Amino acid sequence: MDILSLFVVVPVVIVLAMVLFTKNLKQARMVALAGMLMQLIMSVNLIVKYLNAREAGDQSIMLFQKNIPWFAEFNAHYHIGVDGVSVLMILLTTLIVIAGIFVSWKIQPLSKEFFISLIVLATGVYGFFISLDLFTMFVFYEIAVIPMYLLIGIWGSGPREYAAMKLTLMLMGASALLLVALLGIYFTSSVGGQAPTFDILELAQREMPYDWQKIFYPLAFIGFGTIGALFPFHTWSPDGHASAPTAVSMLHAGVLMKLGGYGIFRFAMFLMPEGALFWQDFFLILAVTGVTYGALSAIQQTDLKYINAYSSVSHLGLVLFALLMINKTAWNGAMLQSLSHGFITALFFALIGMIYGRTHVRDITKMQGMMRIVPLLSVAYVVAALANLGLPGFSGFVAEMNIFVGGFLNQDLYKQALTVFAVTSIVVTAVYMLRLTGRMIFGPTTKVYTGLPKAFWYEKTAIAILVLFITLIGTLPFWWLQFIEDSVNNFIQPLIK
Amino acid sequence: MNLDSLMLMRDEWFLTAVIMLLLIAEVLLSAKNKKYIIQLALILFGAYTISAFLPNDTGALFGSSYKTYPLVHYFKAILAFGVFIILLQSVNWLKEKLLPYDFTAEFFILIFSSLLGLNFMMSAGDFLMFYIGLELSTMPIIALTAFEFWNHRSVEAGVKYILLASISSAILLFGVSLVYATAGSINFDVIKNALQLPLLEIIGLIMIFIGIGFKISLVPFHFWAADVYEGAPTVISNYLSVISKGGAVYVLMTLLFVTFTAFQKEWNWIMYGTAILTMVVGNLFALRQQNMKRFLAFSSIAQAGFILLAMLSNNELGVKAIIYFLLIYIFSNVAAFGVVHVISLKTGKENIDDYNGLYRTNPKLSLVLMIALFSLAGIPPVAGFFAKFFLYAAAASKGYYVLIFIAVLNVTVSLYYYLLPVRAAFLRVSDHPIPFFKSDNYSRLAFIITMIGLLVLGLYSGVFEFISGISNIF
């Protein structure tokens with residue numbers, strides 16, 4: 001078995017083991033944790049192998065490729081491989097899932113089913129990040145989306161049925177658009193009598209006719225954009241996040257929403273460069289609207305989860321914005337932002353879940369002075385808030401810096417003006433984040449909440465993992481950027497020639 | 001004619017022999033041994049099913065009014081396999097409801113006769129054989145629809161079905177006679193070469209299409225479906241929605257792709273419109289259904305619309321996609337109906353709301369239901385996804401992107417209602433859930449077979465490759 005397939009096989013084995021052998025919460029979480037630790041070892045191993053391969057001068061665009069025919073009739077292959085960005089995304093997924101398991105340490109009821117659904121979701125995400133074939137990619141994409149319905153519907157809170165249905169239908173509707181685009185790419189690729197193909201590396205060699213690119217690019221962009229919270233298709237996200245259980249919000253905002261930006265980067269723009277340039281200006285407006293609209297909406301909210309959900313819309317809007325700017329600096333920023341936002345938002349949702357688990361309130365107007373009651377959680381919350389508003393030293397800063405510098409590198413006034421608009425979101429973010437921490441964390445303590453339990457060891461572990469990586473990205477950005485630059489250089493080629 | 005050439009009709013001979021043996025057994029067995037008829041029928045039919053999967057030659061009989069070739073042979077085997085699973089599911093129902101009236105042998109004889117009719121219909125080389133097969137497949141099913149004669153809904157369903165079936169038969173016959181009047185023959189091969197495209201022939205083709213469309217329950221010929229499915233015994237609804245629909249789709253496919261291929265321009269727009277209409281109407285009506293059987297009826301109407309996507313392709317890819325889809329569809333629908341059947345038999349409950357909290361009491365049954373519905377909705381890694389994907393691909397191969405766009409939007413709508421039973425079973429809790437019960441071994445075996453099929457047939461491409469290898473019918 002090659003090292004990449006193991007990333008999909010191990011979770012499947014975990015799921016089977018849980019289905020067949022585990023009976024209760026303790027066994028299920030131990031199996032899930034053991035499996036994910038194995039994934040962690042493999043993820044670190046993959047990074048080392050990747051660095052060694054590049055050091056040794058392996059310049060191929062994708063490493064560790066494996067290509068097995070699947071439906072030979074359709075030329076659909078199980079084709080996998082990784083480059084810098086996917087290596088990092090795999091690491092991100094592993095860490096967030098592990099943190100998610102720690103956060104759900106005491107999940108009730110149906111705990112076994114919870115971990116099974118969580119790992120199934122993770123399987124889809126891993127598969128998505130390693131696929132190099134559109135068919136394989138699509139299969140994994142849908143595997144990642146559908147467990148969400150059960151996860152939110154069964155273990156969620158508030159209007160969970162509504163939120164779960166809305167999320168599933170919107171994401172599946174988006175994937176339906178994507179499906180049309182995939183078939184379009186596939187059947188227009190048979191130029192000059194070649195068999196049509198789903199293989200992205202081969203598709204990039206065959207140039208898709210310009211007219212078809214103009215038709216199918218927006219379908220693919222909206223298809224991926226919906227899961228990346230593209231305005232106005234983001235509405236599933238606040239409801240979904242607010243209703244989801246903690247670990248699911250973490251995984252969803254932290255990893256699943258990254259599928260959007262990653263898909264646009266890896267598939268949509270790479271395969272349809274001329275379509276991307278044609279639609280660039282139009283989608284830029286949507287992206288900038290999302291950035292500012294998300295930030296402004298977050299000010300209005302009083303529910304902790306809604307604040308963070310809209311903040312995610314705003315910050316992921318920046319990813320799309322940066323991708324649409326089409327230059328290397330902005331793209332580096334986009335990928336770094338994906339990574340950084342994954343850790344920050346997961347930390348946020350983890351903390352919100354822990355605080356909510358103690359106070360049973362998410363309304364910020366009803367909480368005060370949490371610093372004295374749950375000091376560790378409060379400090380972590382302040383860290384997350386500062387990282388989110390882009391304080392230097394944390395991951396948010398380096399990512400957003402790259403994005404905005406990349407935006408200004410464009411010569412035309414239109415894009416520079418839009419960049420100015422997008423930059424204002426930083427100020428707005430600072431407003432809602434500081435106001436929130438000021439009100440909730442500091443200030444006089446409310447009597448109702450005194451005597452709440454301090455953080456448990458499993459909660460501390462989850463926080464430690466996430467904070468560690470937020471600071472690692474913030475303080476060592478160039479180490480992370482070497483991975484990203486490597487793939488950006490390859491994948492931006494068709495667009496800037 | 002010698003024995004070898006008669007063996008071309010092996011499937012039909014064997015099935016007839018099964019029917020005859022059951023008839024003899026019914027006469028010979030004494031009253032208290034009647035219950036062994038069920039086992040006997042299962043064994044005999046199981047043997048027939050196995051024999052149906054053994055390879056057979058290609059050839060024609062009776063002045064090419066009967067034709068067999070690998071695709072039709074294996075498709076018959078697939079249908080037989082589907083019927084076998086349905087029989088497994090019906091054992092408990094037969095024991096409880098029909099054994100007291102001593103009606104078990106009749107049930108088997110009727111359902112096998114209907115399958116025999118489907119076999120003749122699919123193998124038909126001219127309109128005469130085709131029509132005989134069609135009627136032979138329809139008539140026993142009408143009797144079976146009204147089989148729960150103590151239940152007035154069942155009888156009502158039977159009457160509805162016989163009225164609409166006769167009308168559609170009449171329309172079809174009129175269409176056949178118009179084609180005969182212009183082409184001068186009822187033989188498919190002769191017709192194929194004699195087509196001149198006068199208006200009369202097109203009208204004839206449309207009428208034939210209406211007749212078959214009735215069996216496939218295409219909109220606007222679908223009005224019988226929901227009422228009949230709801231009233232008929234669940235196993236018969238199951239048979240109607242997968243087996244008899246599958247046979248009719250096969251015949252429509254061969255007629256359009258082979259015999260009337262010269263008319264493609266004309267029938268394309270009919271298919272295009274009917275596909276959209278069927279998907280949209282089926283989906284919209286399914287949204288508001290409370291009764292699971294009506295729900296599955298409208299879902300099966302919508303699925304028929306998706307099959308028409310591939311009908312538009314008129315190429316080998318379309319044949320593969322349709323056959324593969326029907327295979328998967330048999331597995332998914334039989335599993336879904338099976339769950340409805342065992343619950344309805346155990347508790348008499350058929351509404352979606354009754355399923356609230358099902359997972360907490362009957363986890364395995366709920367999982368089967370979920371996987372079957374996911375397969376119908378087309379969600380990977382369940383096989384239904386691959387089947388639907390190939391249907392789209394077949395339509396896309398001829399550039400019908402707008403139609404695919406409409407279809408995928410419909411899939412999203414359909415996802416909503418396929419999630420409703422899942423929501424009831426998994427998300428909700430109920431004060432009075434369906435209590436835990438053990439299903440009988442026969443239905444359990446049926447569930448295991450369908451689940452293996454749904455989880456393996458998609459991810460493992462071998463079955464599709466096999467179908468690909470025999471799909472050249474042009």
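## Cis peptide bonds in chain B

Pro220(B) sits in the loop that links α9 (199–216) and α10 (223–231) of chain B. The model is a predicted one. In it, the peptide bond between Val219(B) and Pro220(B) is cis, and omega is about 10°.

There is also a cis bond from Pro380(B) to Pro381(B), with omega near 5°. Pro381(B) belongs to the loop between α16 (363–377) and α17 of chain B.

## The side of chain B that touches chain A

The two chains meet through 25 residues of chain B and 25 residues of chain A. On the chain B side, the elements that give two or more residues are α17 (383–396), α18 (401–427) and α20 (462–469). The top contributor is α18(B), with 13 residues.

By class, this side of chain B holds 18 nonpolar, four polar and three charged residues.

## The largest nonpolar core

The largest nonpolar core has 387 residues. Five of them touch the most other members: Phe321(A), Leu347(A) and Ala350(A) in chain A, with Leu309(B) and Leu391(B) in chain B. Helix α14 (residues 316–347) of chain B supplies the largest share of this core, 22 residues.

Leu309(B) can be followed further. Not counting residues up to four places away in sequence, Leu309(B) touches Leu391(B), itself on the list of five. Leu309(B) also touches Ala275(B), Tyr392(B), Ala394(B), Ala395(B), Leu403(B) and Ala407(B), with the same exclusion.

## Packing of α13 and α14 in chain A

Two packed helices are described by the angle between their axes and the distance between the axes. In chain A, helix α13 (residues 273–300) and helix α14 (residues 304–325) have axes that come within 7 Å. The axes cross at roughly 155°. Angles over 145 degrees count as roughly antiparallel, so α13(A) and α14(A) are roughly antiparallel to each other. Their crossing is left-handed.

The α13(A) face of the contact consists of Gln280(A), Phe283(A), Leu284(A), Ala287(A), Val288(A), Gly290(A), Val291(A), Gly294(A), Ala295(A), Ser297(A) and Ala298(A). From α14(A) come Ile307(A), Tyr310(A), Ser311(A), Val313(A), Ser314(A), Gly317(A), Leu318(A), Leu320(A), Phe321(A) and Leu324(A). The contact residues divide into 14 nonpolar, seven polar and no charged. Phe321(A) has appeared above: it is among the core residues that touch the most other members.

## Positive phi in chain A

Phe64(A) is not a glycine, yet its phi is positive, about 50°. Phe64(A) is part of strand β1 (residues 63–71) of chain A. It counts as buried because it has 20 C-beta neighbours inside 10 Å.

Asn75(A), also not a glycine, has a positive phi of about 60°. Asn75(A) is placed in the loop between β1 and β2 (76–82) of chain A. With 20 C-beta neighbours inside 10 Å, Asn75(A) is likewise buried.

## Met38 and Ser189 in chain A

Met38(A) lies in helix α2 (residues 25–55) of chain A. It counts as partly exposed because it has 16 C-beta neighbours inside 10 Å. Met38(A) and Val10(A) are 28 residues apart in sequence, and their C-alpha atoms are 8.2 Å apart.

Ser189(A) is in the loop between α7 (160–187) and α8 (200–205) of chain A. Ser189(A) has 24 C-beta neighbours inside 10 Å, so it counts as buried. Leaving aside neighbours within four places in sequence, its contacts are Pro196(A), Thr197(A), Leu203(A), Arg206(A) and Met208(A). The C-alpha atoms of Ser189(A) and Glu207(A) are separated by 7.7 Å, with their positions 18 residues apart along the chain.

## Asp440 in chain B

Asp440(B) falls in the loop between α18 and α19 (441–456) of chain B. The preceding helix, α18(B), is the one that gives the most to the side touching chain A. Asp440(B) is partly exposed, with 18 other C-beta atoms within 10 Å.

Asp440(B) is 352 residues from Leu88(B) in sequence, but 9.8 Å from it in space, C-alpha to C-alpha. Its contacts, leaving aside neighbours within four places in sequence, are Val91(B) and Asn92(B).

Key:
Residues numbered from 1 in each chain as written. Chains lettered and ligands numbered in written order. Predicted model: local features only at pLDDT ≥ 70, side-chain atom pairs only at ≥ 80, totals over all residues. Contact = placed C-beta atoms within 7 Å. Helix = DSSP H or I, 4+ residues; strand = E, 2+ residues; numbered from the N terminus. Nonpolar A, V, L, I, M, F, W, Y, C, P; charged D, E, K, R; others polar. Core = buried A, V, L, I, M, F, W, Y, C linked by C-beta atoms within 7 Å. Buried ≥ 20, exposed ≤ 12 C-beta atoms within 10 Å, placed from the backbone. Axes fitted to C-alpha atoms, helices over the stretch in contact; angles between N-to-C directions. Parallel < 35°, antiparallel > 145°, perpendicular 65-115°, else oblique. Left-handed = near helix turned anticlockwise from the far one by under 90°.
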